[in-house]
Structures are given as C-alpha cells and as structure tokens.
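This note is meant for a colleague meeting the structure for the first time. Its points cover charged pairs, one helix, one pocket and two features of the backbone.

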Amino acid sequence: MDVYRLATLGLAGMRRPLDRLAGRWRPEERASEWALGLRFPREDLSGLDVGARVAFAAARADALWNHGLTIGLTSGARSVAEQQLLFDEAVAQHGSESAARQWVLPPTESLHVQGRALDVRPREGARWLEAHGHRYGLYRTYANEWWHFEHWPQFIGTDSRPALRPDPRTPAHRL
C-alpha cells in the first residue's frame, strides 16, 4: 500500500470517531470525503448532479474502508463554455469534429455538462469502480476511456446496465 493511501486511510480513521460522536449522518462517508479532500485537494465535486455526488461519495467510501483504495475525481461537472473549449481543442488536435468526438463530446451531448459524468483516478480506483460501481449507479461507458464513468441510477438493482461503447462517438440512450 502506498504512503498516500495509507495516510488517507489513517486520517479518515482518526476522523470517523469524531463524526460518530458528533452524531453526524453517515460518518464513514463524511470521514472519507474529508480525508480524500486532503489527498486530492484540487477536486471539485460542486456542480455534480445531487444523485451523482451522493453515489460517488458512497462508492469511494466503500472503496476506502473496505478495500483500502482511494478514488479521486479528475473532472466532474463542466460548464457549457468549458466543454466547448475542450471540444474545440480536440478538433484542433485531431483535425476534425468526427475525430475529436472519439475523445470529447460537444456540450449538447456531454453528461459532464449535466453533472452526471465523472473522470476518476488512479487506474486501480477506476478498476474498483468498474467492478463495484453498479451498486451506486456508476458505470464505465467508453471502452477507450478507463477513467470515464457516468451516473445511471435507473440501472441500480437491475440486471441491465448502459452499454460499454467503443468511444463517445457511439450514441447512447439518454434519460
């Protein structure tokens, strides 16, 4: 176990009894979010859809407490302008809109703009989320992006899941 994971787990372990004593709701999640906030200080969970935020917090608390894994958020909710800039940069880099769409979608199609998409790190955290995220409605949806997950709560408790598409160019069903 690397020193950062060990430190994060240790800090969360010290915080958990304080949250329990204070009678805080879901003390394990609160302690893990606090410690993970120290581990990944540039994270920004604001703007995420409430369901996606709650699901992500619960999933990564599970990963931390039960598996000793940290899951960080590289990118979550994006504004229309931010998504458009990313798309425009991808078009310039890849030479066409079609080629750019293999990696990034325009704002009208991106679930990042809706606050329902999460780009996570590190890779082992993403592997854990791919294996266990269905319990929280979090699914990897693009085969070419190990880091990209989307919140699809309607699939929780069912045998169904959103399709794993080759890349963002392949349309998905929308809510």
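1. Buried means a relative accessible area under 20%, exposed means over 50%, and partly exposed covers what lies in between. With a relative accessible area of 33%, Arg 26 is therefore partly exposed. The model discussed here is a predicted one, and the values below should be read in that light.

2. Arg 26 is placed in the loop between helix 1 and helix 2. Its side chain meets that of Glu 29 in a salt bridge, with 2.9 Å from N to O. The partner, Glu 29, is buried, at a relative accessible area of 14%. The backbone of Arg 26 also deserves attention: its phi is near 50 degrees, a positive value in a residue other than glycine. Most residues other than glycine have a negative phi.

3. Glu 29 belongs to helix 2, where the buried residues are Pro 27, Glu 29, Ala 31, Ser 32, Ala 35 and Leu 36. These buried residues pack against helix 1 and helix 3. Does the length of helix 2 agree or disagree with the expected span? At 1.5 Å a residue, its 13 residues should span 18 Å, and the C-alpha atoms at its ends are 18 Å apart, so the two agree.

4. In total, the structure holds 14 salt bridges. Side chains of opposite charge can pair when their charged atoms come close. One such pair is Arg 5 and Glu 124, whose side chains meet at 3.7 Å from N to O. This salt bridge links distant parts of the chain, as Arg 5 lies in helix 1 (residues 3-21) and Glu 124 in helix 6 (residues 123-132), 119 residues apart. Arg 5 counts as buried because its relative accessibility is 13%, whereas Glu 124, at 29%, counts as partly exposed. The pair also belongs to a network of salt bridges that links Asp 2, Arg 5 and Glu 124.

5. A further salt bridge joins Glu 43 to Arg 60, with the closest N and O atoms 2.8 Å apart. This pair, too, links distant parts of the chain: Glu 43 is in the loop between helix 2 (27-39) and helix 3 (50-67), and Arg 60 is in helix 3, 17 residues apart. Which side of the cut-off for burial do the two partners fall on? Glu 43 has a relative accessibility of 15% and so counts as buried; Arg 60, at 1%, counts as buried as well.

6. The largest pocket contains about 330 Å³ of space. Its lining comprises 21 residues, and those nearest its centre are Arg 78, Trp 103, Val 104, Leu 105 and Glu 145. Helix 4 (80-94) and strand 4 (148-151) each supply at least two residues of this lining. Helix 4 gives the most, with six residues. By class, the lining of the largest pocket has nine nonpolar, six polar and six charged residues.

7. A last point concerns a peptide bond. Where in the chain is the bond from Arg 121 to Pro 122, and is it cis or trans? It is cis, with omega near -15 degrees, and Pro 122 lies in the loop between strand 2 (117-121) and helix 6. Most peptide bonds are trans.

Key
Residues are numbered from 1 along each chain as its sequence is written. This is a predicted model: local features need pLDDT of at least 70, side-chain atom pairs count only at pLDDT 80 or more; totals for chains, interfaces and linings use all residues. Side-chain values use heavy atoms; hydrogens and water are left out. A salt bridge is a side-chain nitrogen of Lys or Arg within 4 Å of a carboxyl oxygen of Asp or Glu. Helices (H or I, at least four residues) and strands (E, at least two) are DSSP runs, numbered from the N terminus. Buried means under 20% relative accessible area, exposed over 50%, partly exposed in between (1.4 Å probe, protein chains only). The expected span of a helix is 1.5 Å times one less than its number of residues. Contact means heavy atoms within 4.5 Å. On a 1 Å grid over the protein atoms alone, a cavity is a set of points where a 1.4 Å probe fits but cannot get out, and a pocket is an open set with protein on both sides within 12 Å along at least five of seven lines; lining residues have an atom within 4 Å of a point. Grid points are joined across faces, edges and corners, and a volume is the space filled by probe spheres set on the points. Ala, Val, Leu, Ile, Met, Phe, Trp, Tyr, Cys and Pro count as nonpolar, Asp, Glu, Lys and Arg as charged, and the others, Gly among them, as polar.
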